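Grab a pencil and work through a few exercises on the structure shown here. Try each task yourself before you read its solution.

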Amino acid sequence: MKDSFEINKNIWTNIYKARQNNLAYPNENLVRYLFYLYPDKNFSELKVLDYGFGSGSNLRHLDALGCDVYGVEICEYAKQLTLEKLRDGFDADKLFIMDQEVNLPYEKKKFDLVIAWQVLYYNSIESLAKVLYSIKSILKPEGKFIGTMARKEDISITNSKPRNKYERVSNEVLGNQAGSRLIAVSSEDDIKKLFNMFSALQIGYFESNLNNIVCSHWIIYGENENE
Ligand SMILES: C[S@@+](CC[C@H](N)C(=O)[O-])C[C@H]1O[C@@H](n2cnc3c(N)ncnc32)[C@H](O)[C@@H]1O
(Lines give C-alpha, C1' and ligand atoms only; values in the text may rest on other atoms or scores of the structure.)
Protein backbone atom coordinates (compact mmCIF):
# COMPACT_ATOMS: atom_id res chain seq x y z
CA MET A 1 0.00 0.00 0.00
CA LYS A 2 1.31 3.45 -0.92
CA ASP A 3 2.01 5.82 1.96
CA SER A 4 1.14 9.52 2.09
CA PHE A 5 4.61 10.54 0.95
CA GLU A 6 4.47 8.48 -2.22
CA ILE A 7 0.87 9.47 -3.04
CA ASN A 8 1.57 13.17 -2.60
CA LYS A 9 4.85 12.94 -4.48
CA ASN A 10 3.08 11.42 -7.52
CA ILE A 11 0.34 14.06 -7.42
CA TRP A 12 2.76 16.99 -7.14
CA THR A 13 5.04 15.49 -9.80
CA ASN A 14 2.11 15.43 -12.25
CA ILE A 15 1.19 19.01 -11.33
CA TYR A 16 4.69 20.35 -11.95
CA LYS A 17 5.26 18.15 -15.00
CA ALA A 18 2.21 19.84 -16.56
CA ARG A 19 3.74 23.19 -15.50
CA GLN A 20 0.74 23.89 -13.25
CA ASN A 21 1.11 25.77 -9.93
CA ASN A 22 4.11 27.48 -11.52
CA LEU A 23 3.77 30.62 -9.42
CA ALA A 24 5.26 33.85 -10.70
CA TYR A 25 5.24 35.79 -7.43
CA PRO A 26 6.20 35.09 -3.81
CA ASN A 27 3.43 34.83 -1.24
CA GLU A 28 2.67 38.38 -0.10
CA ASN A 29 2.19 37.35 3.54
CA LEU A 30 5.64 35.79 3.57
CA VAL A 31 7.14 38.92 1.98
CA ARG A 32 5.58 41.11 4.66
CA TYR A 33 6.42 38.77 7.51
CA LEU A 34 10.09 38.66 6.53
CA PHE A 35 10.34 42.43 6.81
CA TYR A 36 8.60 42.29 10.17
CA LEU A 37 11.01 39.61 11.44
CA TYR A 38 14.15 41.38 10.25
CA PRO A 39 13.57 45.11 10.70
CA ASP A 40 17.30 45.73 10.13
CA LYS A 41 16.97 44.02 6.73
CA ASN A 42 20.24 42.17 7.30
CA PHE A 43 19.17 39.48 4.83
CA SER A 44 22.65 39.01 3.36
CA GLU A 45 23.77 37.60 6.74
CA LEU A 46 21.14 34.86 6.71
CA LYS A 47 21.49 31.22 5.74
CA VAL A 48 17.93 30.11 4.94
CA LEU A 49 16.26 26.80 4.12
CA ASP A 50 13.02 26.79 2.11
CA TYR A 51 11.37 23.45 3.00
CA GLY A 52 9.05 22.36 0.15
CA PHE A 53 10.12 25.17 -2.20
CA GLY A 54 7.63 24.15 -4.93
CA SER A 55 7.93 26.15 -8.14
CA GLY A 56 10.43 28.46 -6.44
CA SER A 57 8.75 31.86 -6.26
CA ASN A 58 9.46 32.27 -2.52
CA LEU A 59 12.97 30.88 -2.92
CA ARG A 60 13.72 33.35 -5.71
CA HIS A 61 12.50 36.18 -3.45
CA LEU A 62 14.86 35.06 -0.65
CA ASP A 63 17.74 34.85 -3.12
CA ALA A 64 16.93 38.33 -4.47
CA LEU A 65 16.96 39.71 -0.91
CA GLY A 66 20.54 38.46 -0.63
CA CYS A 67 20.00 35.42 1.64
CA ASP A 68 22.22 32.38 1.22
CA VAL A 69 19.31 30.13 0.32
CA TYR A 70 18.93 26.34 0.20
CA GLY A 71 15.84 24.30 -0.60
CA VAL A 72 14.35 20.83 -0.20
CA GLU A 73 11.49 19.34 -2.20
CA ILE A 74 10.04 15.97 -3.05
CA CYS A 75 9.65 16.59 -6.83
CA GLU A 76 12.44 16.80 -9.36
CA TYR A 77 10.15 18.80 -11.71
CA ALA A 78 9.73 21.45 -9.01
CA LYS A 79 13.51 21.85 -9.03
CA GLN A 80 13.46 22.36 -12.81
CA LEU A 81 10.77 25.06 -12.60
CA THR A 82 12.68 26.74 -9.79
CA LEU A 83 16.02 26.74 -11.60
CA GLU A 84 14.33 28.38 -14.59
CA LYS A 85 13.41 31.28 -12.29
CA LEU A 86 16.76 31.70 -10.56
CA ARG A 87 19.58 33.93 -11.70
CA ASP A 88 22.45 32.43 -13.70
CA GLY A 89 25.12 31.22 -11.34
CA PHE A 90 22.78 29.91 -8.63
CA ASP A 91 24.27 26.62 -7.42
CA ALA A 92 21.72 23.92 -8.38
CA ASP A 93 23.21 21.57 -5.76
CA LYS A 94 21.66 23.79 -3.08
CA LEU A 95 18.25 22.41 -4.11
CA PHE A 96 17.87 18.90 -2.69
CA ILE A 97 15.21 16.36 -3.66
CA MET A 98 14.19 14.15 -0.71
CA ASP A 99 13.45 10.48 -1.33
CA GLN A 100 11.63 10.13 1.98
CA GLU A 101 9.69 12.49 4.21
CA VAL A 102 12.28 13.22 6.85
CA ASN A 103 15.57 13.45 5.05
CA LEU A 104 17.11 16.86 5.56
CA PRO A 105 20.76 16.47 4.52
CA TYR A 106 22.26 19.22 6.67
CA GLU A 107 24.55 19.41 9.66
CA LYS A 108 23.08 20.57 12.96
CA LYS A 109 22.84 24.32 13.63
CA LYS A 110 23.40 25.36 10.01
CA PHE A 111 20.51 27.76 9.36
CA ASP A 112 19.42 31.15 10.70
CA LEU A 113 15.93 30.69 9.32
CA VAL A 114 13.81 27.81 8.04
CA ILE A 115 10.65 28.54 6.05
CA ALA A 116 7.93 25.97 5.38
CA TRP A 117 5.22 27.78 3.42
CA GLN A 118 1.97 25.97 2.58
CA VAL A 119 3.66 22.61 2.69
CA LEU A 120 3.89 21.03 6.18
CA TYR A 121 0.29 19.81 6.10
CA TYR A 122 1.16 17.42 3.25
CA ASN A 123 2.98 15.26 5.79
CA SER A 124 1.36 12.41 7.69
CA ILE A 125 0.74 13.23 11.35
CA GLU A 126 3.65 10.94 12.35
CA SER A 127 6.13 12.45 9.91
CA LEU A 128 5.09 16.02 10.74
CA ALA A 129 6.52 15.79 14.27
CA LYS A 130 9.73 14.16 12.98
CA VAL A 131 10.14 16.87 10.34
CA LEU A 132 9.63 19.63 12.90
CA TYR A 133 12.24 18.16 15.26
CA SER A 134 14.57 17.76 12.30
CA ILE A 135 14.03 21.42 11.33
CA LYS A 136 14.74 22.49 14.90
CA SER A 137 18.01 20.51 14.93
CA ILE A 138 19.37 22.29 11.84
CA LEU A 139 18.56 25.75 13.23
CA LYS A 140 21.31 27.74 14.91
CA PRO A 141 20.69 28.65 18.55
CA GLU A 142 18.11 31.44 18.40
CA GLY A 143 17.45 30.53 14.77
CA LYS A 144 13.94 31.25 13.56
CA PHE A 145 11.23 29.10 12.02
CA ILE A 146 8.17 30.32 10.10
CA GLY A 147 5.64 28.00 8.54
CA THR A 148 2.00 27.63 7.74
CA MET A 149 -0.65 24.95 8.20
CA ALA A 150 -4.00 24.86 6.41
CA ARG A 151 -6.99 26.00 8.52
CA LYS A 152 -10.30 24.18 8.34
CA GLU A 153 -11.72 27.01 6.16
CA ASP A 154 -9.04 26.51 3.47
CA ILE A 155 -10.21 25.17 0.09
CA SER A 156 -7.89 22.18 0.44
CA ILE A 157 -9.67 21.16 3.66
CA THR A 158 -13.26 22.06 2.73
CA ASN A 159 -12.80 19.91 -0.38
CA SER A 160 -11.52 16.84 1.43
CA LYS A 161 -12.90 14.06 3.56
CA PRO A 162 -11.55 12.65 6.81
CA ARG A 163 -9.22 9.66 6.71
CA ASN A 164 -8.56 9.49 10.43
CA LYS A 165 -8.49 11.92 13.38
CA TYR A 166 -6.07 14.39 11.74
CA GLU A 167 -5.54 13.25 8.16
CA ARG A 168 -7.80 13.93 5.18
CA VAL A 169 -7.99 13.03 1.49
CA SER A 170 -8.68 15.70 -1.19
CA ASN A 171 -11.79 15.09 -3.25
CA GLU A 172 -12.40 15.54 -6.97
CA VAL A 173 -13.31 19.24 -6.69
CA LEU A 174 -9.63 19.94 -6.19
CA GLY A 175 -8.88 18.61 -9.69
CA ASN A 176 -5.17 18.06 -10.02
CA GLN A 177 -4.80 17.55 -6.26
CA ALA A 178 -7.58 14.93 -5.95
CA GLY A 179 -6.48 12.05 -3.74
CA SER A 180 -3.71 13.97 -1.99
CA ARG A 181 -3.30 13.36 1.74
CA LEU A 182 -3.20 16.29 4.10
CA ILE A 183 -3.56 17.24 7.73
CA ALA A 184 -6.20 19.59 9.09
CA VAL A 185 -5.67 21.26 12.45
CA SER A 186 -8.66 23.26 13.54
CA SER A 187 -7.69 24.77 16.88
CA GLU A 188 -4.89 27.06 17.95
CA ASP A 189 -4.33 24.78 20.98
CA ASP A 190 -3.60 21.83 18.66
CA ILE A 191 -1.15 23.98 16.67
CA LYS A 192 0.57 24.93 19.96
CA LYS A 193 0.91 21.25 20.89
CA LEU A 194 2.25 20.22 17.48
CA PHE A 195 4.87 22.99 17.40
CA ASN A 196 5.85 22.84 21.08
CA MET A 197 9.49 21.98 20.25
CA PHE A 198 9.98 25.67 19.39
CA SER A 199 10.18 28.47 21.94
CA ALA A 200 8.72 31.99 21.71
CA LEU A 201 5.80 30.57 19.72
CA GLN A 202 3.55 33.06 17.95
CA ILE A 203 0.47 31.91 16.07
CA GLY A 204 -1.56 33.98 13.65
CA TYR A 205 -3.32 33.40 10.38
CA PHE A 206 -3.97 34.87 6.95
CA GLU A 207 -7.05 34.41 4.84
CA SER A 208 -8.34 35.51 1.44
CA ASN A 209 -11.61 34.83 -0.34
CA LEU A 210 -11.52 35.44 -4.08
CA ASN A 211 -14.66 34.34 -5.90
CA ASN A 212 -15.39 31.85 -3.08
CA ILE A 213 -11.92 30.31 -3.33
CA VAL A 214 -10.80 30.51 0.27
CA CYS A 215 -7.14 30.38 1.21
CA SER A 216 -6.79 30.21 5.00
CA HIS A 217 -3.58 29.31 6.81
CA TRP A 218 -2.17 29.40 10.30
CA ILE A 219 1.18 31.19 10.42
CA ILE A 220 3.46 29.69 13.04
CA TYR A 221 6.59 31.43 14.26
CA GLY A 222 9.05 29.80 16.65
CA GLU A 223 12.67 29.93 17.74
CA ASN A 224 15.33 27.42 18.63
CA GLU A 225 16.14 28.27 22.23
CA ASN A 226 19.67 29.42 23.01
CA GLU A 227 21.83 26.49 24.11
C1 LIG B 1 1.14 24.20 -2.09
S2 LIG B 1 2.76 23.75 -2.65
C3 LIG B 1 3.71 25.03 -1.86
C4 LIG B 1 5.05 25.28 -2.52
C5 LIG B 1 5.83 26.47 -1.99
N6 LIG B 1 6.23 26.31 -0.62
C7 LIG B 1 5.05 27.75 -2.18
O8 LIG B 1 4.61 28.35 -1.16
O9 LIG B 1 4.89 28.19 -3.32
C10 LIG B 1 3.12 22.32 -1.65
C11 LIG B 1 4.49 21.72 -1.91
O12 LIG B 1 4.76 20.74 -0.93
C13 LIG B 1 5.54 19.74 -1.50
N14 LIG B 1 5.44 18.56 -0.62
C15 LIG B 1 4.43 17.67 -0.53
N16 LIG B 1 4.67 16.75 0.42
C17 LIG B 1 5.86 17.09 0.97
C18 LIG B 1 6.66 16.53 2.01
N19 LIG B 1 6.29 15.44 2.67
N20 LIG B 1 7.82 17.13 2.31
C21 LIG B 1 8.21 18.25 1.64
N22 LIG B 1 7.50 18.82 0.64
C23 LIG B 1 6.35 18.24 0.31
C24 LIG B 1 4.95 19.57 -2.89
O25 LIG B 1 5.82 18.94 -3.78
C26 LIG B 1 4.64 21.02 -3.24
O27 LIG B 1 5.70 21.59 -3.94
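The exercises below go through a predicted model, one topic at a time.

**Exercise 1. Decide whether Asp-3 is buried, partly exposed or exposed.**

Start by finding the residue: Asp-3 sits in the segment before helix H1, which covers 4–17. Next, look at its neighbours: there are 14 other C-beta atoms within 10 Å of Asp-3. Now bring in the cut-offs: 20 or more would make a residue buried, and 12 or fewer would make it exposed. A count of 14 falls in between, so Asp-3 is partly exposed.

While you're at this residue, try a distance too. Glu-84 is 81 residues away from Asp-3 along the chain, and the C-alpha atoms of the two are separated by 31 Å.

**Exercise 2. Work out how H1 and helix H4 meet, and which residues make the contact.**

First, the geometry: H4 spans residues 76–85, and its axis comes within 8 Å of the axis of H1. The two axes cross at roughly 35 degrees, and the crossing is left-handed.

Then list who takes part. From H1 you get Thr-13, Tyr-16 and Lys-17, while H4 brings Tyr-77, Ala-78 and Leu-81.

Last, sort these residues by class: four are nonpolar, one is polar and one is charged.

**Exercise 3. Put the strands S6, S7 and S8 in order and find the edges of their sheet.**

Take the order first: the three strands line up as S6-S7-S8 in an open sheet, with antiparallel pairing. The edges are S6 (160–162) and S8 (181–183), since each of these pairs on one side only. On average, neighbouring strands are turned by 40 degrees against each other, if you ignore direction.

Now zoom in on one pair. S7 covers residues 167–170, runs antiparallel to S6 and is joined to that strand by three bridges. For a concrete example, follow Ser-160 across to its bridge partner in S7, Ser-170.

**Exercise 4. Describe the shell around the ligand: how many residues surround it, and which element gives the most?**

Begin with the count: 20 residues surround the ligand. The closest are Trp-12, Gly-52, Gly-54, Val-119 and Tyr-122.

Next, ask where the shell comes from. H1 and helix H3 (57–65) are the elements that give two or more residues. H1 gives the most, with three.

To finish, split the shell by class: you'll find 10 nonpolar, eight polar and two charged residues.

How values were computed
Residues are numbered from 1 along each chain as its sequence is written. This is a predicted model: local features need pLDDT of at least 70, side-chain atom pairs count only at pLDDT 80 or more; totals for chains, interfaces and linings use all residues. Helices (H or I, at least four residues) and strands (E, at least two) are DSSP runs, numbered from the N terminus. Two strands pair if DSSP finds at least two bridges between them. Axes are lines fitted to C-alpha atoms, for helices over the stretch in contact, and angles run from 0 to 180 degrees between N-to-C directions. A crossing is left-handed if the near helix is turned anticlockwise from the far one by less than a right angle, and right-handed if clockwise. Two residues are in contact if their C-beta atoms, placed from the backbone, lie within 7 Å. Ala, Val, Leu, Ile, Met, Phe, Trp, Tyr, Cys and Pro count as nonpolar, Asp, Glu, Lys and Arg as charged, and the others, Gly among them, as polar. A residue is near a molecule or strand if its C-beta atom, placed from the backbone, lies within 6 Å of it.
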